[in-house]
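Reader: I am about to look at a protein model for my first-year course. May we go through it together, one topic at a time?

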Amino acid sequence: QVQLVESGGGLVQAGGSLRLSCAASGRAFSRFVMGWFRQAPGKEREIVTSISRSGGTAYYADSVKGRFTISTDNAKNTVYLQMNSLKPEDTAVYYCALRTMGASEYAYWGQGTQVTVSS
């Protein structure tokens with residue numbers, strides 16, 4: 001099993017920044033993809049960004065391109081989401097998740113961390 005624990009959420013004013021962290025522990029995979037998702041009240045969960053363990057090109061949703069950055073620290077088994085120029089519409093519960101290479105679904109999820117952006 002894999003355990004994912006997010007941290008770093010909170011309340012911030014529009015235009016501000018937050019950095020989310022997701023620490024992974026448990027079973028180790030050599031090839032996998034880490035993703036950040038979010039779910040706002042009354043809306044479906046959506047993918048925000050993802051990156052493979054080896055780094056490389058990350059995927060970003062159009063709504064966050066140029067504002068959010070995903071990064072990894074493999075030595076710490078941690079993935080980060082740097083969020084800049086935050087907008088009220090970024091308010092959501094943010095989840096990190098892990099998908100093994102070749103799998104179509106993210107099998108492992110964190111508990112989520114709340115991000116609230118005030119106008």
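**A loop, a core and a pocket**

Author: Let us begin with Ser-85, which is found in the loop between S8 and S9. Please bear in mind that the model is predicted.

Reader: What is the phi of Ser-85, given that it is not a glycine?

Author: Ser-85 has a positive phi of about 50 degrees.

Reader: And is Ser-85 buried, partly exposed or exposed?

Author: Ser-85 counts as partly exposed, because its relative accessibility is 40% and the partly exposed class lies between 20% and 50%.

Reader: Which other residue that is not a glycine has a positive phi of about 50 degrees?

Author: Asn-77 has one as well. Asn-77 is placed in the loop between S7 and S8. These two strands form a hairpin with four residues between them, and Asn-77 takes its positive phi there. With a relative accessibility of 47%, Asn-77 counts as partly exposed.

Reader: How do S7 and S8 run, and how many bridges join them?

Author: S7 and S8 run antiparallel, and six bridges join them. As an example to find on the screen, Ile-70 has Leu-81 in S8 as its bridge partner.

Reader: Which strand besides S7 is joined to S8 by six bridges?

Author: S3 is joined to S8 by six bridges, and these strands also run antiparallel. Cys-22 is partnered with Val-79 in S8, and Ala-23 with Thr-78 in S8.

Reader: How much of S8 is buried?

Author: Five of the six residues of S8 are buried, so S8 is largely enclosed by the rest of the structure.

Reader: Back to S3, please. How many bridges join it to S1?

Author: Six bridges join S1 to S3, and the two run antiparallel. Within this pairing, Ser-7 stands opposite Ser-21 in S3.

Reader: Is Leu-20 buried or exposed?

Author: Leu-20, which lies in strand S3, is buried, because its relative accessible area is 0% and buried means under 20%.

Reader: What does Leu-20 touch, apart from residues up to four places away in sequence?

Author: Its contacts include Ser-7, Gly-8 and Gly-9, then Val-79, Tyr-80, Leu-81 and Met-83, and also Trp-36 and Tyr-94. By contrast, Lys-43 makes a useful distance check: 23 residues along the chain separate it from Leu-20, and their C-alpha atoms are 21 Å apart.

Reader: You mentioned Tyr-94. What does Tyr-94 touch?

Author: Leaving out residues up to four places away in sequence, Tyr-94 touches Leu-20, Trp-36, Phe-68, Leu-81 and Met-83, among others. Glu-6 and Arg-38 are also among its contacts.

Reader: Which residues touch the most other members of the largest nonpolar core?

Author: They are Leu-4, Trp-36, Phe-68, Met-83, Tyr-94 and Leu-98, in a core of 29 residues. Strands that give two or more residues to this core include S1, S3, S4 and S11. The largest share, four residues, comes from S9.

Reader: Why would nonpolar side chains be found together inside?

Author: In soluble globular proteins, nonpolar side chains tend to be buried together.

Reader: New topic: what is the volume of the largest pocket?

Author: Its volume is about 300 Å³. It is lined by 20 residues, and those closest to its centre are Ala-24, Phe-32, Arg-53, Asn-77 and Leu-98. You have thus met Asn-77 already, in the loop between S7 and S8.

Reader: Which strands give two or more residues to that lining, and which gives the most?

Author: S3, S4, S5, S7 and S8 each give two or more. S3 gives the most, with four residues.

Reader: How many nonpolar, polar and charged residues does the lining have?

Author: The lining has ten nonpolar, seven polar and three charged residues.

Reader: One last residue: is Ser-50 buried or exposed?

Author: Ser-50, in strand S5, counts as buried, because its relative accessibility is 11% and the limit for buried is under 20%. Leaving aside neighbours within four places in sequence, Ser-50 is in contact with Val-33, Met-34, Gly-35, Ala-58, Tyr-59, Ile-70 and Tyr-106. One of these, Ile-70, is the residue whose bridge partner in S8 is Leu-81.

Terms used
Residues are numbered from 1 along each chain as its sequence is written. This is a predicted model: local features need pLDDT of at least 70, side-chain atom pairs count only at pLDDT 80 or more; totals for chains, interfaces and linings use all residues. Side-chain values use heavy atoms; hydrogens and water are left out. On a 1 Å grid over the protein atoms alone, a cavity is a set of points where a 1.4 Å probe fits but cannot get out, and a pocket is an open set with protein on both sides within 12 Å along at least five of seven lines; lining residues have an atom within 4 Å of a point. Grid points are joined across faces, edges and corners, and a volume is the space filled by probe spheres set on the points. Ala, Val, Leu, Ile, Met, Phe, Trp, Tyr, Cys and Pro count as nonpolar, Asp, Glu, Lys and Arg as charged, and the others, Gly among them, as polar. A nonpolar core is a set of buried Ala, Val, Leu, Ile, Met, Phe, Trp, Tyr and Cys residues joined through side-chain atoms within 4.5 Å. Buried means under 20% relative accessible area, exposed over 50%, partly exposed in between (1.4 Å probe, protein chains only). Contact means heavy atoms within 4.5 Å. Two strands pair if DSSP finds at least two bridges between them.
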